[in-house]
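Colleague: Before we discuss this structure, may I ask you to justify the terms you use as we go along? I should like to see each value set against its definition.

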Amino acid sequence: MPALVLLGAQWGDEGKGKATDLLGGSVDYVVRYQGGNNAGHTVVVGDQKYALHLLPSGILTPECTPVIGNGVVVDPSVLFSELNGLNERGVDTSKLLISGNAHIITPYNVTVDKVTERFLGKRKIGTTGRGIGPTYADKINRVGIRVQDLYDESILTQKVEAALDGKNQLLTKVFNRRAIEVEQIVEELLTYADRLKPYVADTVLVLNQALDDDKVVLFEGGQGTLLDIDHGTYPFVTSSNPTAGGACTGSGVGPTKISRVIGILKAYTTRVGAGPFPTELFDADGDALRRIGGERGVTTGRDRRCGWFDAVIARYATRVNGLTDFFLTKLDVLTGWEEIPVCVAYEIDGKRVEELPYSQTDFHHAKPIYENLPGWSEDITKAKTFADLPKNAQAYVKALEEMSGAPISAIGVGPGRTETIEVNSFI
Ligand code: GDP
Ligand code: IMO
Ligand code: MG
């Protein structure tokens, strides 16, 4: 039975939240498999706008069971405030399931994230400051705290001690900060235990049984392919695997169960934080994309860096994720340009390069080679079928599809749930 992965094909903020929400009505489970509250997914339902950070976007569909998988890092205080916010707006969140193996973002992880960035100075990554990197570092260093640890005070205390031993040395001797008390952390973490308890489950078993029972499971990525710790623009990346393989490790569902991998692709490109971005614009076009596209971070409120569509990146995303489909979003934002440049290849040290270079040095030197496609001026936000789009908008979509290497099965023409053209059905 279908297990679908839906992930970002660029540097995040492609419109994953909207895409997940759109499919929410036809799926039984929506699973976050990596990342944490560094994500910011906007979903617009009627005149209501929701900003989700940690919770899967399926939480807005009553029939859907939202799941936070083992690969996610959970800040309990953020989780509760997000749940409270939704409950106040009448959203039932009681079906949520959280893996007992998910790691907890502790207050010291948030401190270390912020202090490290400050120390890096102009070399900083521009993280969201949510403690994501240090929490995954603790996981890999085997000094992480997991959700299940909240239910054994003695083990929790030992683990917090192990985690703080080295960190306190670093905080006091290198970063010139005060040491963090083990007891204070344990006490705070224990205050979350009771409220978390009803949600904690063996999500690996639940999801595999659901698939055996022919249920439809959707994996919703946070961030995007180029922010992947292995396949992204390292070191300017997040500390997890948003790419398709992450859906398996971050949920305990095997790769043979995944039937479709959908890449969410913005009709232009954006990036938040530091790092290379070949098609970035520093002119009036960049400002216009930012203004018309509302390109301001949902999590940190930072302006997003904006640029033209980059087909080299899209081809790369098709390859490293094994994409079966694209969901092209924000086509409406491009309405009004006479010509729309699209990056088809790079020039690196005088040579034309068709594929993303594996070398960081080369990528930093990549200059976009553009092809100009004819634009359109008609309002497309009411388009319901591909045929409703102006001829030039159709040609733009077809050209992107050709260059990117997978069919474009849906097209976003506005932020609302209904402002989508379905070309092929996903389920
Ligand atoms: P995510 O992190 O991938 O879920 O994306 P964000 O929510 O951070 O950013 C995408 C933004 O684009 C949100 O404000 C969405 O409401 C909006 N959006 C999504 N799809 C479309 C679309 O097709 N057209 C327009 N105009 N806005 C869209
Ligand atoms: P969604 O799910 C865009 C970026 C940060 C920074 C880098 C590392 O909404 O697409 P981190 O706090 O993760 O250690 O920061 O990754 N980043 C995102 N950029 N969208 C996101 O999420 C992001 N999550 C992290 O800006 O450059
Ligand atoms: Mg976002």
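Modeller: Certainly. In this predicted model, a polar side-chain atom of Thr-238 lies 2.6 Å from an oxygen atom of ligand 2.

Colleague: What makes the pair formed by Thr-238 and ligand 2 a polar contact?

Modeller: A polar contact requires a pair of N or O atoms within 3.5 Å. The polar side-chain atom of Thr-238 is 2.6 Å from an oxygen atom of the ligand, so the pair qualifies. Backbone N or O atoms of Gly-40 and of Gln-223 each lie 2.8 Å from an oxygen atom of ligand 2, and therefore these pairs also meet the cut-off.

Colleague: How much of ligand 2 does the protein cover?

Modeller: Of the 550 Å² of accessible area that ligand 2 has on its own, 97% is covered by the protein.

Colleague: Which residues come nearest to ligand 2, and how is its shell divided by class?

Modeller: There are 20 residues around ligand 2, and Asp-13, Lys-16, Thr-128, Gln-223 and Thr-238 come nearest. The shell holds six nonpolar, eleven polar and three charged residues.

Colleague: How do you know that Gly-412, Val-413 and Gly-414 make polar contacts with ligand 1?

Modeller: The same reasoning serves. Polar backbone atoms of Gly-412 and Val-413 lie 3.3 Å and 3.4 Å from an oxygen atom of ligand 1, while a polar backbone atom of Gly-414 is 3.3 Å from a nitrogen atom of the ligand. The cut-off is 3.5 Å, so these pairs count as polar contacts. The protein covers 92% of the 580 Å² that ligand 1 has accessible on its own.

Colleague: What surrounds ligand 1, and which helix gives the most to its shell?

Modeller: Ligand 1 is surrounded by 19 residues, the closest being Lys-16, Gly-17, Gly-40, Thr-42 and Asp-332. Helix 1 gives the most, with three residues. Both helix 1 (16-24) and strand 3 (41-45) supply at least two residues. The space that ligand 1 takes is the second largest pocket.

Colleague: Why are strand 9 and strand 20 said to stand at the edges?

Modeller: The open sheet has ten strands, in the order 9-7-5-2-10-1-11-15-19-20, with mixed pairing. Strand 9 (200-201) and strand 20 (420-422) each have a single partner strand, so one side of each has no neighbour in the sheet.

Colleague: What makes strand 11 and strand 15 a pair?

Modeller: Pairing calls for at least two bridges. Strand 11 (residues 258-266) and strand 15 (residues 325-329) share five bridges in the parallel sense, and therefore they pair. Within these strands, Ile-262 has Asp-325 of strand 15 as its bridge partner.

Conventions:
Residues are numbered from 1 along each chain as its sequence is written. Chains are lettered from A and ligands numbered from 1 in the order in which they are written. This is a predicted model: local features need pLDDT of at least 70, side-chain atom pairs count only at pLDDT 80 or more; totals for chains, interfaces and linings use all residues. Side-chain values use heavy atoms; hydrogens and water are left out. A residue is near a molecule or strand if one of its heavy atoms lies within 4 Å of it. A polar contact is a pair of N or O atoms within 3.5 Å; within protein, one must be able to donate a hydrogen and the other to accept it, and residues adjacent in sequence count only if both atoms are side-chain atoms. Accessible areas come from the Shrake-Rupley method with a 1.4 Å probe; for residues, only the protein chains shown count as cover. On a 1 Å grid over the protein atoms alone, a cavity is a set of points where a 1.4 Å probe fits but cannot get out, and a pocket is an open set with protein on both sides within 12 Å along at least five of seven lines; lining residues have an atom within 4 Å of a point. A molecule sits in a cavity or pocket if more than half of its atoms lie within 2 Å of its grid points. Helices (H or I, at least four residues) and strands (E, at least two) are DSSP runs, numbered from the N terminus. Ala, Val, Leu, Ile, Met, Phe, Trp, Tyr, Cys and Pro count as nonpolar, Asp, Glu, Lys and Arg as charged, and the others, Gly among them, as polar.
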